[in-house]
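User: Please take a close look at one helix-helix packing in this model and at what surrounds it, and explain how the two partners are arranged.

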Amino acid sequence: MNAIKHSLYAAAAVLAVSAGPSLAQTTVKWMHLEVNPAQIKIWEEVAREFEAKHPGTKVEMQFLENESYKAKLPTLLQSNDRPHIIYSWAGGVLKAQVEAGVLQDITDQTKDTAATISAGAMSAFTRDGRVYGLPFAQSQVGILYNKELMAKAKVDGSAIKTWDDWLNAIKALKAAGVTPLTVGGADKWPLHFYWTHLAVRLGGKSGFEAALKGQNGGFEGETFQKAGDLMKQLVDLQPFQNGFLGFKNPQSTGFFGDGKAAMSLVISTVYHQQKALAADKVGISDDKIGWVNFPTVPGGKGEPTDTLGGINGWLVTKGAPKEAVEFVKHFVSKDVQMRLAGAGFLIPVVKGADAAISNAFMRNIAQNLARSNYHQNFYDQDLGPSVGRVVNDATAELAGGSMTPRQVAKAVQDAFKQGN
């Protein structure tokens, strides 16, 4: 009997030893929105490298599609099973998350890393002097175009400089039987790019800052009504694909990648996404794709170099293990930034990492951002979730013909006043 007991104790000891590492294992839950498998492959490599350097740590990648992420995140952040690292566009949404107490202050743990990142990018993830996340990429909104389809209408995309140039290009494409523009109208936010970028061109930085202070009529002022007037001018040409209000953004991106529309007003990252979402998974090749900055407008006070876009990053949620912070720091290390920049997947935020950009398209975007003295974050993020929702809803209504430019501006101003 003693021999049996001894054997049982020995077996239990072996099990305890073998179970030790798994019991001690820390899982870092990392939620992302990326759809491009080529980029995800590098991200997975980065995660496995981190695990190798941190025995007992597992990085678990969790994916949510863009719109599902926005819809489900508030509930996820209040749950006991919240992700530890989440994607962020910064702005007012980040501010609301800080105020809700669902994020972790990582100021002290990230000082060395923060010092390697450009001040402008770092400021987007800082609130009241405290850091809640780290940026990893910048982007620009502009006109992506298909050179072959443009040529059918004898339009040179690179020659689009003014608002009239763009309207004339749209008319020429329609006359040639080519769909001028594709947009994911069902998701609404892609349509807000038109109204927002027009406001950037019309009012510049000072126009936006004045609206925030309630000056010149706020978001109901001349700049924003005029933005609506010009957007309506474009919409009245019926430039979008049939049924555009029923298209989700991934569908619209694939539609462009399939060569079914000549242009799309998009975030620069769509350059890669259109390949991944095209039916053939090839999309429009580099020699047939072009990019032109949003056109200038009559009487605009903004500079032609002013940009609209995002500063994207990772936030660490309340109660996350310390390994989550370490992983985010690893993800935005110069080595990883240079690897992703070298593959043409991002415009890096770490100082000096842009030297790795070899892709001509991405290098052009990096130069545009470097020349910009005013980079406006997306309104639907910058103005916070409640105002941002109204911006998206109202601009989609304008595109669909059920709201006037004046009504759009009033709706945004009313929402802004209510939230401030």
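Analyst: Axes here are lines fitted to C-alpha atoms, for helices over the stretch in contact, and angles run from 0 to 180 degrees between N-to-C directions. In this predicted model, helix H2, spanning residues 37-53, packs with helix H14, residues 334-342, at an angle of about 160°, and their axes lie 11 Å apart. Since angles over 145 degrees count as roughly antiparallel, that angle makes H2 roughly antiparallel to H14. The crossing of the two helices, H2 and H14, is right-handed.

On the H2 side, the residues that take part are Gln39, Ile42, Trp43, Glu45, Val46 and Glu49, and they meet Val336, Arg339 and Leu340 of H14. Sorted by class, this contact of H2 with H14 is made up of five nonpolar residues, one polar residue and three charged residues.

Following the chain on from H14, one comes to Ser358, which is found in the loop between H14 and helix H15 (360-371). Although Ser358 and Ala343 are 15 residues apart along the chain, their C-alpha atoms are separated by 7.7 Å. When its neighbours within four places in sequence are left aside, Ser358 is in contact with Ala341, Gly342 and Arg363; of H14, which covers residues 334-342, the loop residue Ser358 therefore touches Ala341 and Gly342, given that contact means heavy atoms within 4.5 Å.

Definitions and conventions
Residues numbered from 1 in each chain as written. Predicted model: local features only at pLDDT ≥ 70, side-chain atom pairs only at ≥ 80, totals over all residues. Heavy atoms only, no water. Helix = DSSP H or I, 4+ residues; strand = E, 2+ residues; numbered from the N terminus. Parallel < 35°, antiparallel > 145°, perpendicular 65-115°, else oblique. Left-handed = near helix turned anticlockwise from the far one by under 90°. Nonpolar A, V, L, I, M, F, W, Y, C, P; charged D, E, K, R; others polar.
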